[in-house]
Amino acid sequence: MSDPFRWPHGARAAVSLSYDDTMPCHRTLVAPALEAHGLRGTFYAPPRDDLMAHSAAWRAMAARGHELGNHTLFHPCRREVPQADDWLATWNNLIHFDAQRFRQELRVANFILQQIDGQTARTYGNTCHDVWIGPPDAKQRIEPILAELFVAGRGERTQQPTDPATCDLHNLGTSAGDGHTCDRWLEFIQAALDSGGYCLLTFHGVGPGYERLQVDDGEHTRLLTWLREQQERIWTAPVIQVAEWISERRADAVAGRRD
Ligand SMILES: [Zn+2]
């Protein structure tokens with residue numbers, strides 16, 4: 001049996017908290033709450049109204065240690081079966097994207113985020129957890145494009161911990177935070193503890209004012225309090241920090257380095 005994966009300062013598992021879609025609560029509530037618990041998160045932030053209206057505040061968030069992750073420009077997603085009430089515009093359906101169009105959208109989004117945070121390295125948070133572009137009869141996976149542009153990609157919704165020794169860094173896998181309470185999130189994290197793995201949670205809205213894809217503020221605070229109490233055995237960090245750590249440890253393993 002191989003040795004367990006080595007996390008920083010002897011931790012037994014890693015956790016990342018990610019928050020999608022540039023919601024005002026990320027700036028006003030979530031980032032300050034994380035900081036009050038000594039934690040930092042990843043905000044997958046397409047350039048929507050809140051980023052454009054409050055770019056200085058988002059810049060300050062990044063300066064305080066949060067990651068601003070790429071979540072495309074216009075939030076295309078994949079719908080192979082049209083739905084009458086679908087919010088997704090036809091032009092924005094990933095079935096109509098080829099590699100060049102997708103790559104260009106991601107590059108421009110990176111450029112905009114770089115104007116905010118000054119960073120040249122970041123991770124990608126898959127919109128709608130989608131990993132395919134192109135028409136159904138000629139679809140292609142996006143990981144090769146993500147590998148050109150990002151340290152890592154959050155990838156598909158797997159609802160299970162990521163194995164740091166074997167995972168595809170550009171399809172890490174994530175568990176859904178939305179619509180659940182702290183007990184469910186702790187189940188996901190416990191599974192990572194049991195396996196020595198990595199739990200990457202995906203959230204959207206926190207607190208009142210969001211009709212769907214929302215979690216209770218009090219439950220969210222319970223999670224942050226628990227993570228602070230468990231910091232000796234659980235390393236909580238932005239996705240880019242965890243992905244870079246995994247990359248470095250794998251490079252060490254290939255080179256035969258132990259420390
Ligand atoms: Zn999104």
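**Loops and helix H7**

Colleague: How does Cys-128 count, buried or exposed?
Modeller: Neither: Cys-128 counts as partly exposed, because there are 14 C-beta neighbours inside 10 Å. Buried takes 20 or more other C-beta atoms within 10 Å, exposed 12 or fewer, and partly exposed is in between, with C-beta atoms placed from the backbone. This is a predicted model: local features need pLDDT of at least 70, side-chain atom pairs count only at pLDDT 80 or more, and totals for chains, interfaces and linings use all residues. Residues are numbered from 1 along each chain as its sequence is written.

Colleague: And where is the place of Cys-128?
Modeller: In the loop between H4 and strand S4 (132–133). Helices (H or I, at least four residues) and strands (E, at least two) are DSSP runs, numbered from the N terminus. Phi of Cys-128 is positive, near 55°.

Colleague: Which other residue has a positive phi although it is not a glycine?
Modeller: Asp-21, with a phi of about 85°. Most residues other than glycine have a negative phi. Asp-21 is in the loop between S1 and H1, and counts as buried because 20 other C-beta atoms lie within 10 Å.

Colleague: Switching to H7. Which of its residues are buried?
Modeller: His-220, Leu-223, Leu-224 and Leu-227. Down the axis of H7 they fall within an arc of 95°, so they line one face of the helix; the arc is taken over directions from the helix axis to the C-beta atoms. Gly-218 and Glu-229, on the other side of H7, are exposed.

Colleague: What do the buried residues of H7 pack against?
Modeller: Several elements, among them strand S1 (13–20), helix H1 (24–36) and H6. Helix H6 (residues 182–195) and helix H7 (residues 217–229) pack at about 35°, with axes 9 Å apart. Axes are lines fitted to C-alpha atoms, for helices over the stretch in contact, and angles run from 0 to 180 degrees between N-to-C directions.

Colleague: Which residues make the contact?
Modeller: Cys-182, Trp-185 and Leu-186 on H6, and Glu-219, Arg-222, Leu-223 and Trp-226 on H7. Contact means C-beta atoms, placed from the backbone, within 7 Å.

Colleague: Last one, Ala-89. Buried or exposed?
Modeller: Exposed, because it has 9 other C-beta atoms within 10 Å. Ala-89 is in the loop between strand S3 (67–69) and helix H4 (99–117). From Ala-89 to Asn-70 is 19 residues in sequence and 20 Å in space, C-alpha to C-alpha.

Terms used: Contact = placed C-beta atoms within 7 Å.
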